[in-house]
Amino acid sequence: MEDLYREIIIDHYKNPQYRGRLDPHDIHFEDDNPLCGDHIEITLRLDGDGKVADGRFDGKGCAISQASADLLIESIVSKPVEEVKQLTKQDILDLLGIDLGPVRLKCALLSLKVLKAGVYGLGEASDDLIE
Amino acid sequence: MPLDIPRLRQDFPILNREVRPGVPLAYLDSTATAQKPLAVINAMDEFYRRFNANIHRGVHTLAEESTAMYEAARAKVARFINAPSAEQIIFTRNTTEAINLVAYTWARVNLKKGDLVVLTEMEHHSNLVPWHMLSAERGVNLEFVPVMDDGLLDLDIYRALLARTPKLVAFTAMSNVLGTINPVAEIIRLAHEAGAATLVDGAQSVPHLPVDVQALDVDFLAFSAHKMLGPTGIGALYGKRPLLEAMPPFLGGGDMIKTVHLRNFVPNDVPHKFEAGTPAIAEAVGFGAAVDYLETIGMDAVASHEQEIIAYALERLEEIPGVKVFGPPADKKGGVAAFTLDGIHPHDVAQILDGSGIAVRAGHHCAQPLHEKFGIPATTRASFYLYSLREEVDKLVKGIYEVKKIFG
Ligand SMILES: Cc1ncc(COP(=O)(O)O)c(C=O)c1O
């Protein structure tokens with residue numbers, strides 16, 4: 001369990017570096033996981049070279065969903081948007097450094113789903129984005 | 001006489017397992033599904049080793065024996081809820097299918113546009129969605145008896161709804177979240193006075209309380225074997241005979257017919273009319289063994305053990321700062337404690353408890369409207385059964401303190 005609730009997760013949950021909302025922003029998307037009420041909203045600002053200049057997330061939910069959102073935003077700031085589009089489930093698991101069962105995987109991947117729906121400019125977030 | 005729980009637990013091999021090396025299991029999720037005693041496991045094993053054959057119409061020995069075992073299980077289940085006859089027990093897959101059976105047969109004949117069905121706000125999705133679907137298809141109206149802050153149904157509003165002469169009142173005997181034991185007999189009596197038929201979701205009451213369908217005068221009762229020490233894949237619908245006889249068949253196919261011609265068929269008698277195709281035969285045998293086991297223990301003893309455990313659990317949980325348990329006080333509920341822990345999501349609570357081998361459930365427990373009513377997305381739920389120990393409550397409490405420390 002110490003594994004799962006590795007300090008890094010609790011730390012990012014309790015002291016997120018990227019919680020908030022960017023206004024103005026270039027990209028905005030939000031979605032929730034109705035099963036447990038997790039909610040994630042992401043706002044991004046881009047620079048002139050197609051890179052993520054800055055990003056924020058907001059929302060509520062379990063430690064895994066919120067910590068993974070914070071870790072995810074941290075990992076994409078100053079990255080090219082084209083690279084962000086290629087992120088996968090494994091990238092999130094690597095950020096968290098843990099293995100998760102299917103129920104908690106949904107918590108962990110909500111922020112990636114929201115992020116990808118945002119950068120692809122989609123109307124709705126689909127699970128295909130995180131396969 | 002109080003149950004000898006440590007001895008009784010020897011009947012349940014799974015309760016001895018370790019979740020991980022050195023971490024014994026504390027199974028506090030019996031409301032979702034109960035663990036199985038050896039009597040059930042062995043009965044099913046033996047069925048496959050010695051008796052297995054398809055039932056009804058077979059002439060060979062195994063077919064006759066299997067048929068007799070399947071029908072004997074039906075008789076045991078009937079006896080368990082004091083049904084007047086075995087034919088009034090229809091085997092289904094589970095509670096959900098039993099409720100759907102009523103919604104697809106009885107309701108589609110007896111309800112028309114504008115008719116009213118009364119449900120409650122504490123229903124499991126399985127006693128909501130079939131009625132949503134009927135409502136969308138037929139224009140049947142749905143009204144809900146509210147749940148009050150203390151977890152009890154508002155019977156004044158129920159009476160007011162009855163004045164609108166509903167055709168059906170369908171409600172759970174016990175909430176799988178709040179644990180509330182509803183005044184089933186009174187709700188049924190009032191419904192009948194208003195001319196409504198009644199369907200009771202017995203998924204939680206039949207496993208945990210003595211249930212007598214004749215004393216209750218209930219029209220339909222639905223329940224699942226897997227929540228009462230039996231296998232998954234089988235449940236039952238009890239119905240009053242005249243209602244069952246007047247109902248059209250449910251699914252079409254083999255076994256539910258008397259005769260079939262190219263262009264028509266004659267349905268079989270009750271209960272076979274509602275059991276199309278090869279049923280869950282080994283599961284029925286296991287269901288019968290589960291009922292035998294519970295009868296040997298005695299449902300009064302089961303209920304009073306759970307009463308004692310839940311009283312202790314509420315007392316211990318409520319002394320933890322930040323814990324809020326939902327539902328009525330112990331004397332008005334079964335062995336279910338759904339709670340929130342301030343500032344910590346139920347998924348995190350359940351996951352950390354799992355690390356200590358404590359199996360609880362986190363989520364909305366298929367009662368999303370009830371959670372919406374209380375303004376929370378989810379709860380953590382610990383639930384108890386005849387094999388639950390006070391020490392498991394102590395473990396849970398200790399585990400919750402650990403969760404608080406991790407999030408500290
Ligand atoms: C009150 C209640 N009704 C219905 C059900 C559905 O039971 P099943 O999934 O066996 O059909 C459950 C089980 O979760 C329940 O607790």
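Start in chain B by selecting its open sheet of seven strands, which has mixed pairing and the order β4-β10-β9-β8-β7-β5-β6. Its edge strands are β4 (89–92) and β6 (141–145), and each pairs on one side only. From one strand to the next the twist averages 20°, where axes are lines fitted to C-alpha atoms, for helices over the stretch in contact, and angles run from 0 to 180 degrees between N-to-C directions. Strands (E, at least two residues) and helices (H or I, at least four) are DSSP runs numbered from the N terminus, and two strands pair if DSSP finds at least two bridges between them.

Before you go on, this is a predicted model: local features need pLDDT of at least 70, side-chain atom pairs count only at pLDDT 80 or more, and totals for chains, interfaces and linings use all residues. Residues are numbered from 1 along each chain as its sequence is written, chains are lettered from A and ligands numbered from 1 in the order in which they are written, and side-chain values use heavy atoms, with hydrogens and water left out.

**Inside the sheet**

Now select β9 (residues 220–224) of chain B. Five of its five residues are buried, so β9(B) is largely enclosed by the rest of the structure. Buried means under 20% relative accessible area, exposed over 50%, and partly exposed in between (1.4 Å probe, protein chains only). Phe220(B), Ala222(B) and Ser224(B) point one way from the strand, while Leu221(B) and Phe223(B) point the other way.

Add β10 (residues 235–239) of chain B, which pairs with β9(B) in the antiparallel sense over five bridges. Look for Leu221(B) opposite Tyr238(B), and for Phe223(B) with its bridge partner Ala236(B). Next comes β8 (residues 197–201) of chain B, which runs parallel to β9(B) and is joined to it by three bridges; here Asp201(B) stands opposite Ala222(B).

Then move to β4(B), which pairs with β10(B) in the antiparallel sense over four bridges. Thr92(B) has Gly235(B) as its bridge partner. Ile89(B) and Phe91(B) point one way from β4(B), Ile90(B) and Thr92(B) the other way, and all are buried.

**Salt bridges**

A salt bridge here is a side-chain nitrogen of Lys or Arg within 4 Å of a carboxyl oxygen of Asp or Glu. By this rule the count comes to 35 over all chains.

Show Asp219(B) and Lys240(B), whose closest N and O atoms are 3.0 Å apart. Asp219(B) lies in the loop between α10 (213–216) and β9 of chain B and Lys240(B) in the loop between β10 and α11 (241–246), so the pair ties together parts that are 21 residues apart in sequence. Asp219(B) counts as buried at 7% relative accessibility, and Lys240(B) as partly exposed at 21%.

For a pair within one helix, pick Glu193(B) and Arg189(B), with closest N and O atoms 2.9 Å apart. Both lie in helix α8 (residues 184–193) of chain B, four residues apart, about one turn of the helix. Glu193(B) is exposed at 58%.

**Last stop: chain A**

Switch to helix α2 (residues 63–76) of chain A. How many of its 14 residues are buried? The number is 12, so to picture the helix, think of it as mostly covered. Among the buried ones are Ala63(A), Leu71(A) and Ile76(A). Try a distance between its end C-alpha atoms: they are 20 Å apart, which agrees with the 20 Å that 14 residues should span, the expected span being 1.5 Å times one less than the number of residues. After the helix, click Ser78(A), whose phi is positive, near 75°.
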